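This report covers charge pairs, cores and one helix in turn. Keep the sequence and the model open while reading.

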Amino acid sequence: MTPEVEAAVAEAFHHEWGQIVATLIGMTGDWDLAEECTQDAFARALEHWPRDGVPRRPGAWLTTTARNRAIDRLRRESVGAAKLREAAMLPGPDGTDDDETDVSGVRDDRLRLLFTCCHPALAFESQVALTLRTLAGLTTAEIARAFLVSEATMSRRLVRTKQKIRNAGIPYRVPPAHLLPERTTAVLGVLYLLFNEGYAASTGDDLVRRNLSGEAIRLARVLVRLMPDEPEAVGLLALMLLHDARRATRVDDAGDLVTLERQDRARWDAGEIAEGVDLLDTALRRHRPGPYQIQAAIAACHATATEAAGTDWAQIAALYERLALLVPSPVVRLNHAVAVGMADGPAAGLELVEALETSGTLAGYHLLPATRADLLRRLGRTGEAAVAYRQALELAGTDTEHRYLARRLAEMTD
């Protein structure tokens, strides 16, 4: 297979996967069937495109192939007749339902799909997980790591969610404009986790997956234009931009991790930082602070410090303490421990980390032993630090993190 065909398939997957799956869900009402037929369409593309050439409109080719596959499957099932009649009324692979667009007010196709998936009849975590799996194309393992649960647990959760949709007859359609607010929290959660997976991948060769973080930023911009008075949407966009501004310096030319204090701040994107700070100020003027605005304020403390030594760690620790009241997450508590360790010394941070370890809430999360190792290293307890680095190394998901932790471990053992 030529590199051109491989690139075309990868590009189509990024841009078309969610739309094709959504079309098939609307046609069949069956989430599993929609995913299977979409996967089959991409498999056929890998067979046909090297021989026949990449079609002029890859998305239309894939959608037609997937629809035909779904129709073939339904024809073989006795219950498929009604679904086929519904399918005959669906728009074609290049068409959209203009009435739905007018009713919802959402013009961007992918954002429409997000609002469609985030149905309030489902639990919040189920909405977010199913949307990430179905429309963003993240694997079950990637979603599981985002929610700090095992892959098996997340797989069961997704199965139960699909069963609830099927058994309860939950409709798959874009909600009208007046119902969008009840889905906004879940949509923000999807965009947040999508950005995180792109900014700091949970598995694979690369730490940064620019296609995911870039798409999350784009969709967040669209959402802010749609809901300019929603401060958490504005805060989320600010958070993304303030993090993304540092993206180019997070790994070196060899692909190795560069920690925050060692990054070349002159290479940070000043335009993104300025825009992020302005957006944060806009959001805070609404006087409805929320988790994304607080996280954006933390990111602004880092992004606006001209040197690592000038970082206001006391302010960051206070912000994390406030964030923990809104989001009682063990990850937030771990980040608070890091900030305390920087503001008040490693011994104070280590005390908080050890309390987290005792609770067991972050078992299997590689950043817990990695944080403990760093605090022990700063305290000069190199033997204990080496043990903690080994634990983190066993749990890390990306090659970049593996190499970084291995270097740290070598420093301790040497």
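A residue counts as buried under 20% relative accessible area, as exposed over 50%, and as partly exposed in between. The model discussed here is predicted.

**Salt bridges**

The structure holds 20 salt bridges. Side chains of opposite charge can pair when their charged atoms come close. Three of the bridges are set out below, with the separation of their N and O atoms.

| Acidic partner | Basic partner | N to O distance |
|---|---|---|
| Aspartate 40 | Arginine 69 | 3.7 Å |
| Aspartate 256 | Arginine 403 | 2.5 Å |
| Glutamate 354 | Arginine 372 | 3.1 Å |

Take the bridge between aspartate 40 and arginine 69. Aspartate 40 sits in helix 2 (residues 31–52) and arginine 69 in helix 3 (residues 58–75), so the bridge ties parts that are 29 residues apart in sequence. Arginine 69 is partly exposed, because its relative accessibility is 24%.

Next comes the bridge from aspartate 256 to arginine 403. Aspartate 256 belongs to the loop between helix 12 (231–244) and helix 13 (270–284), while arginine 403 is in helix 20 (residues 399–413), so this pair ties together parts that are 147 residues apart in sequence. Is aspartate 256 buried or exposed? At 17% relative accessibility, aspartate 256 counts as buried. Arginine 403 has a relative accessible area of 32%, so it is partly exposed.

The third bridge joins glutamate 354 and arginine 372. Glutamate 354 lies in helix 17 (residues 346–359) and arginine 372 in helix 18 (residues 367–378), so the parts tied together are 18 residues apart in sequence. Glutamate 354 is partly exposed, at 31% relative accessible area. Arginine 372 counts as buried, at 16%. Elsewhere, Asp32, Glu35, Arg133 and Lys162 form one network, joined by salt bridges that share partners.

**Nonpolar cores**

The largest nonpolar core has 98 residues. Which of them touch the most other members? They are Leu111, Leu132, Leu191 and Leu223. Helix 1 (residues 3–28) supplies the largest share of this core, 11 residues. Beyond its neighbours within four places in sequence, leucine 223 contacts Leu111, Phe115, Val187, Leu188, Leu191 and Ala233. Another core, of 22 residues, lies apart from the largest one; Leu368, Leu376, Ala396 and Leu409 are among its members.

**Histidine 366**

Histidine 366 is placed in the loop between helix 17 and helix 18. Its relative accessibility is 7%, so histidine 366 counts as buried. Its side chain makes a polar contact of 3.0 Å with the side chain of glutamate 401. Not counting residues up to four places away in sequence, histidine 366 touches Arg145, Ala392, Leu395, Ala396 and Glu401.

**Helix 2**

At 1.5 Å a residue, the 22 residues of helix 2 should span 32 Å. The end C-alpha atoms are 30 Å apart, which agrees. At leucine 46 there is a kink of about 30°, shortly before proline 50.

The N-terminal end of helix 2 is capped by aspartate 30, with a side-chain oxygen 3.0 Å from the backbone nitrogen of aspartate 32. After the helix comes glycine 53, whose phi is positive, near 95°.

The buried residues of helix 2 include Trp31, Glu35, Phe42 and Trp49. Where do the buried residues of helix 2 pack? They pack against helix 1, helix 3, helix 6 (109–117), helix 7 (124–134) and helix 9 (151–168).

Terms used. Residues numbered from 1 in each chain as written. Predicted model: local features only at pLDDT ≥ 70, side-chain atom pairs only at ≥ 80, totals over all residues. Heavy atoms only, no water. Salt bridge = Lys/Arg side-chain N within 4 Å of Asp/Glu carboxyl O. Helix = DSSP H or I, 4+ residues; strand = E, 2+ residues; numbered from the N terminus. Buried < 20%, exposed > 50% of the residue type's maximum accessible area, 1.4 Å probe, protein only. Core = buried A, V, L, I, M, F, W, Y, C linked by side-chain atoms within 4.5 Å. Contact = heavy atoms within 4.5 Å. Polar contact = N/O pair within 3.5 Å; in protein donor to acceptor, adjacent residues only side chain to side chain. Expected span 1.5 Å × (residues − 1). Bend = angle between axes of the 7 residues up to and from the residue.
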